[in-house]
Amino acid sequence: MSNIILKIDNVQKSFGGLKALSDLFLEVEEGKVHAIIGPNGAGKSTMLNVCIGRLAPDSGTVTFNGQNMIGKQPHEINQAGISRVFQTPEIFPDLSILQNVMIPAMARREGSFKFNMFRSLSSETEIVDEAYKVLEDIGLLDQLHHHAGSMSRGDKRRLELAMCLVQHPKLLLLDEPTAGMARHDTNKTIDLLKKIKERGMTKVIIEHDMHVVFSVADHISVLAQGTIIASGTPDEIRGNPKVQEAYLGGAHL
Ligand code: ADP
Ligand code: MG
């Protein structure tokens, strides 16, 4: 039987008079890559921000691993096992690539950013080893002492992904991980997403690039005007006339 790791039930969120999310329902199966597609302004980022505690919904519930997430602080949700990659990379530009990856690795080990210095020093070697391993997976090992601020946009996005992976999340949320990338960077990211898929980590990926969506997704949900209008396998979504009408104005997926 399938296990639902994330359930969003009847979530509403308005900004002033604008209904960004209405009657939103979504179930994400454990171990799957679940893509969310939909036009600009559909509410995709708002949905993600509700899941990570950055935005409080007006009503409704978000359940992760059987636990209610509503009312929890972002760091508590992160500790519960949800990590996210934002639309705009959030890295420490003045630190090296290695240091950027070590910070979340340390935070995870200590359960908080305020950690005991002496205990931390003793586990530093393990943290460095772990950071190296993730940077190797991501393909940034040859640049580990470079300043993060001077990286290309594509590499910054991959660094942010490394910062998430080092926390070993149960659920990884990605908001348009290939936005603004050139094709060869997009292809590198697709390869990377496939590689980390083998680790069995559940992923929710918001993505506008259909090539990426159909390369990595097990399941696709379509969000339009704040609500899910269709959900299914990539083949079901590709052939769904409602989706083509609402999302692509009749163009073929
Ligand atoms: P998407 O990620 O699908 O492009 P968003 O979730 O960013 O869509 O936005 C959904 C709608 O909510 C849009 O109309 C957007 O302008 C509006 N919106 C998003 N965040 C805010 C905010 N903080 N304040 C006011 N309106 C917002
Ligand atoms: Mg968005």
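**Helix H1 and the surroundings of ligand 1**

Just past the end of H1, Gly-53 adopts a positive phi of about 80 degrees. That is a handy way into this predicted model, since the helix before Gly-53 also turns up beside the ligand, giving 3 residues to the shell around ligand 1, the most of any contributor.

H1 itself is well tucked in. Of its 8 residues, 7 are buried, so the helix is largely enclosed by the rest of the structure. The buried set runs through Lys-44, Thr-46, Met-47, Leu-48, Asn-49, Val-50 and Cys-51. Two of these, Lys-44 and Thr-46, also belong to the residues around ligand 1.

Around ligand 1 sit Phe-15, Leu-18 and Ala-20, together with Pro-39, Asn-40, Gly-41, Ala-42, Gly-43, Lys-44, Ser-45 and Thr-46. By character, this shell splits into 5 nonpolar residues, 5 polar ones and 1 charged one.

Polar contacts to oxygen atoms of the ligand come from three residues in a row, among them Gly-43, where a backbone N or O atom lies 3.0 Å from a ligand oxygen. Lys-44 uses its side chain instead, placing a polar atom 2.8 Å from an oxygen atom of ligand 1. With Ser-45 it is back to the backbone, a polar atom of which is 2.9 Å from an oxygen atom of the ligand. Overall, the protein covers 58% of the 560 Å² of accessible area that ligand 1 has on its own. The elements that supply two or more residues to the shell are strand E2 (18–29) and helix H1 (44–51).

Conventions. Residues are numbered from 1 along each chain as its sequence is written. Chains are lettered from A and ligands numbered from 1 in the order in which they are written. This is a predicted model: local features need pLDDT of at least 70, side-chain atom pairs count only at pLDDT 80 or more; totals for chains, interfaces and linings use all residues. Side-chain values use heavy atoms; hydrogens and water are left out. A residue is near a molecule or strand if one of its heavy atoms lies within 4 Å of it. A polar contact is a pair of N or O atoms within 3.5 Å; within protein, one must be able to donate a hydrogen and the other to accept it, and residues adjacent in sequence count only if both atoms are side-chain atoms. Accessible areas come from the Shrake-Rupley method with a 1.4 Å probe; for residues, only the protein chains shown count as cover. Helices (H or I, at least four residues) and strands (E, at least two) are DSSP runs, numbered from the N terminus. Ala, Val, Leu, Ile, Met, Phe, Trp, Tyr, Cys and Pro count as nonpolar, Asp, Glu, Lys and Arg as charged, and the others, Gly among them, as polar. Buried means under 20% relative accessible area, exposed over 50%, partly exposed in between (1.4 Å probe, protein chains only).
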